[in-house]
Amino acid sequence: MARPSPTLPTVEVRVADTAITPDESLLQALLVRGLVDTALSGAADETEPCADDTVLSAGVWAAARYGLAGRGVDPWTAQARPASELAQLLLDHIRPALEAAGDLERTETLLAHLLGEGTGAQRQRRAASDGIWKAMLFVADETVRDL
């Protein structure tokens with residue numbers, strides 16, 4: 001007899017499309033795994049994020065438009081905040097899951113680097129200021145760096 005499967009929470013993730021380095025891809029994977037582990041453990045904060053579709057859509061739009069350099073939408077308060085602060089809130093939210101998996105230090109290091117050096121999109125725009133050829137060379141170099 002088959003056992004009934006438990007009802008699992010739904011987690012939707014919009015993956016950034018400008019992760020050009022292996023480390024940026026790893027950071028995305030670590031953050032998503034931390035979110036999923038947090039959701040599955042039931043150990044998330046007792047306060048629920050705002051479930052209003054308009055607020056969540058605004059957050060997705062702001063993230064896509066401004067990235068980490070701009071302001072995003074706090075899903076708990078529905079207020080605009082610097083995206084770098086939201087990244088720290090995310091890290092705090094999933095900290096127990098990252099610690100349990102042994103990923104906390106690595107995630108903190110990778111996130112700090114990204115916040116300091118800029119996202120792939122920001123770095124591509126800087127490279128493109130010297131012409132599209134420079135941007136293409138930059139992306140090619142970054143893609144294989146550290147491999």
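Which exposed residues does the face of H4 turned away from its buried side carry? Keep that question in mind while we set up the view.

**Before you start**

This is a predicted model, in which local features need pLDDT of at least 70 and side-chain atom pairs count only at pLDDT 80 or more, while totals for chains, interfaces and linings use all residues. Residues are numbered from 1 along each chain as its sequence is written, and side-chain values use heavy atoms, with hydrogens and water left out.

**The whole chain**

Show the protein chain as a cartoon: there are 6 helices and 2 strands. Helices (H or I, at least four residues) and strands (E, at least two) are DSSP runs, numbered from the N terminus. From that end, the order of elements is α-α-β-β-α-α-α-α. Of the 147 residues, 27% count as buried; buried means under 20% relative accessible area, exposed over 50%, and partly exposed in between (1.4 Å probe, protein chains only).

**Stop 1: helix H4**

Select helix H4 (104-117). Its 14 residues should span 20 Å at 1.5 Å a residue, and its end C-alpha atoms are indeed 20 Å apart; the expected span is 1.5 Å times one less than the number of residues. Now colour Leu104, Thr107, Leu110, Leu111 and Leu114, the buried residues of H4. Look down the axis of H4: these buried residues fall within an arc of 135°, so they line one face of the helix. The arc is that of the directions from the helix axis to the C-beta atoms.

Turn to the face directed away from the buried side, and there is the reply to our opening: Glu105, Thr109 and Gly116 are the exposed residues carried there. To see what the buried residues of H4 pack against, add H1, helix H3 (83-101) and helix H5 (120-128). Just after H4, click on glycine 118, which takes a positive phi of about 100°.

**Stop 2: glutamate 24**

Next, select glutamate 24 in helix H1. Is glutamate 24 buried or exposed? With a relative accessibility of 10%, glutamate 24 counts as buried. Its contacts (heavy atoms within 4.5 Å), leaving aside neighbours within four places in sequence, are Thr18, Ala19, Leu114, Gly118, Gly120 and Arg123.

**Stop 3: the second largest pocket**

Stay with glutamate 24 and display the second largest pocket, whose volume is about 190 Å³. Of its 12 lining residues, Thr21, Asp23, Glu24, His113 and Arg145 are the closest to the centre. Helix H1 (22-41) and helix H4 are the elements that give two or more residues to the lining, and H4 gives the largest share, 4 residues. A pocket here is an open set of points on a 1 Å grid over the protein atoms alone where a 1.4 Å probe fits, with protein on both sides within 12 Å along at least five of seven lines; lining residues have an atom within 4 Å of a point. Grid points are joined across faces, edges and corners, and the volume is the space filled by probe spheres set on the points.

Colour the lining by type to see 3 nonpolar, 2 polar and 7 charged residues.

**Stop 4: two alanines**

Select alanine 78, in the loop between strand E1 (71-73) and strand E2 (80-82). Its phi is near 65°, a positive value in a residue other than glycine, and alanine 78 is partly exposed at 33% relative accessible area.

Finish at alanine 101 in helix H3, partly exposed at 36%. Draw a distance to glycine 34: the two C-alpha atoms are separated by 8.4 Å, although the residues are 67 apart along the chain.

How values were computed
Ala, Val, Leu, Ile, Met, Phe, Trp, Tyr, Cys and Pro count as nonpolar, Asp, Glu, Lys and Arg as charged, and the others, Gly among them, as polar.
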